[in-house]
Amino acid sequence: MKSKRSEIINAFKAANGKAISGEELGKELGISRTMVCKYIKGLKDDGYEISSAPKKGYVLKSVPKLLYPEEILSGLKTTLFGKNIHYYDEAGSSNDIAKKLAPTAEEGTIVVVEQQTGGRARQGRQWASPKGGIWFSTILKPRIALSAASRLTLTFGLSVAKTMRQYGFDAKIKWPNDVLINGKKVSGILTEVEAEIDTIEFVVIGIGINANMSLKDIPEDLRENSTTLRDECGKSVDRVEFLQKLLFEMEQEYIRFSTRPFSEIMEEIVALSDTIGREVTVNMPNRIVEGTVVGISKTGALLLRKNDGDIEEIIAGRCMYTKK
Ligand code: BTN
């Protein structure tokens, strides 16, 4: 059910810059004028610019450039992804919050954080998450084997790359979980799974996008050949619109993941791969291997020709290019 607050925002948006009186708003929402005043004050406190003229009423002048749930929901074209949104101005890590919510949350619920103070990357590394980025986690409850969970990372990496491509960025996928623009990392995915033996209880897909920030907003030791959308195109992107488009792409890919052979998704990933043909070092929990990437299999494994000529299939690991 829509909140009164989002009903007011929608009424303003439908009025398209025309004034609406407190009385009209009150009637439309079934609340008193005093309550309307309270909601208007709350919106103003949150950065909505609303002017009021005697006898005419209120006019919405501008909305804040924040990822407020009401803004994401208005115009969101999904049926599952992002239908429930938990929003935080500041928090440790959206993945940690999502993991706590997951047991009772509906599939597709997302957690959005404007600024993470404890953002996490893979293999225990830190993820710089200043204001201006898009940091969010999605809760999923797929009926798949635990061994297939890493395919979700690849699938949503494709969604991120496809969304960026809609904006004209030449986004490529670095196996398994990075998205690059002009060879530099602009997005990473941290997939975390809660499972019992082979039954998945839930999966949390944490996606970080360096959007409206510049490299200097990231501590030097975490920059690691990164870039941001703003640095790449010289202007800010509309983060709300970007997230709406991304959630739509994610939902489409998730439907395909659940109904079609995975090789279909893999074909698109291979076409956008930045990794095939590269000389790499792959870090796995118990060892490190080096070689040249000769392909990515239909199941999403990296096919590595090692220095002894043998080809090894690597299902998961952190991949680093040895040459630029
Ligand atoms: C990586 O590149 O190793 C993965 C980075 C994932 C970062 C995102 S930001 C949203 C979510 N919350 C976190 O703490 N991490 C992920």
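Which polar side chain lies 3.1 Å from the backbone nitrogen of Val240? That one belongs to Asp238, and I come back to it in point 5. Keep in mind throughout that this is a predicted model.

1. Let's start with the ligand. Its surroundings comprise 21 residues, and the ones that come nearest are Ser93, Gln116, Arg120, Arg122 and Lys185. Sorted by type, the shell has ten polar residues, six nonpolar and five charged. As for where the ligand is found, it sits in the largest pocket.

2. Which parts of the fold build that shell? Helix H5 (94-101), strand E5 (134-140), strand E8 (184-196) and strand E9 (199-209) each bring in at least two residues. The top contributor is E8, which gives four residues to the shell. If you want to find your way around the site on screen, colouring by these elements is an easy way in.

3. Now the polar pairs at the ligand. A polar side-chain atom of Lys185 is 2.5 Å from an oxygen atom of the ligand. Arg122 takes part through its backbone, where a polar atom lies 2.8 Å from a ligand oxygen. Arg125 uses its side chain, with a polar atom 3.4 Å from an oxygen atom of the ligand. On its own the ligand would expose 410 Å², and the protein buries 100% of that.

4. Helix H5 deserves another look, as it also holds Leu101. Is Leu101 buried, partly exposed or exposed? With a relative accessible area of 22%, Leu101 is partly exposed, because the buried class stops under 20%. Its C-alpha is 9.6 Å from that of His86, and the two are 15 residues apart in sequence.

5. Back to Asp238, which lies in the loop between H8 and helix H9 (239-259). A polar atom of the Asp238 side chain is 3.1 Å from the backbone nitrogen of Val240. Asp238 has a relative accessible area of 46%, so it counts as partly exposed. Along the chain Asp238 and Leu66 are 172 residues apart, yet their C-alpha atoms are 9.5 Å from each other.

6. One loop earlier, there are two residues to check. Thr227 is in the loop between helix H7 (220-223) and helix H8 (229-233), and Glu224 has its place in the loop between H7 and H8 too. Thr227 is buried, at 4% relative accessibility. Its side chain makes a polar contact of 2.5 Å with the side chain of Glu232. Glu224 stands out for its backbone: phi is near 40 degrees, a positive value in a residue other than glycine.

7. Where else does a residue other than glycine have a positive phi? Lys55 does, with phi near 75 degrees. Lys55 is in the loop between strand E1 (49-53) and strand E2 (57-62). Is Lys55 buried or exposed? At 91% relative accessible area, Lys55 is exposed, since the cut-off for that class is over 50%. For context, most residues other than glycine have a negative phi.

8. There is also a cis peptide bond to check, the one from Trp175 to Pro176, with omega near -5 degrees. Pro176 is found in the loop between strand E6 (171-174) and strand E7 (178-181). As a general rule, most peptide bonds are trans.

9. Trp175 also turns up in a pairing with Met320: these two are 145 residues apart along the chain, and 9.5 Å separates their C-alpha atoms. Met320 has its place in strand E14 (residues 318-321). At 27% relative accessibility, Met320 counts as partly exposed.

10. Last, Ala301. This residue is in the loop between strand E11 (288-296) and strand E12 (302-306). At 2% relative accessibility, Ala301 is buried. Ala301 and Asp198 are 103 residues apart along the chain, and their C-alpha atoms are 20 Å from each other.

Methods
Residues numbered from 1 in each chain as written. Predicted model: local features only at pLDDT ≥ 70, side-chain atom pairs only at ≥ 80, totals over all residues. Heavy atoms only, no water. Near = heavy atom within 4 Å. Polar contact = N/O pair within 3.5 Å; in protein donor to acceptor, adjacent residues only side chain to side chain. Areas by Shrake-Rupley, 256 points an atom, 1.4 Å probe, with all protein chains shown as cover. 1 Å grid on protein atoms, 1.4 Å probe; cavity = no way out; pocket = protein on both sides within 12 Å on 5 of 7 lines; lining within 4 Å. Sits in = over half its atoms within 2 Å of the grid points. Nonpolar A, V, L, I, M, F, W, Y, C, P; charged D, E, K, R; others polar. Buried < 20%, exposed > 50% of the residue type's maximum accessible area, 1.4 Å probe, protein only.
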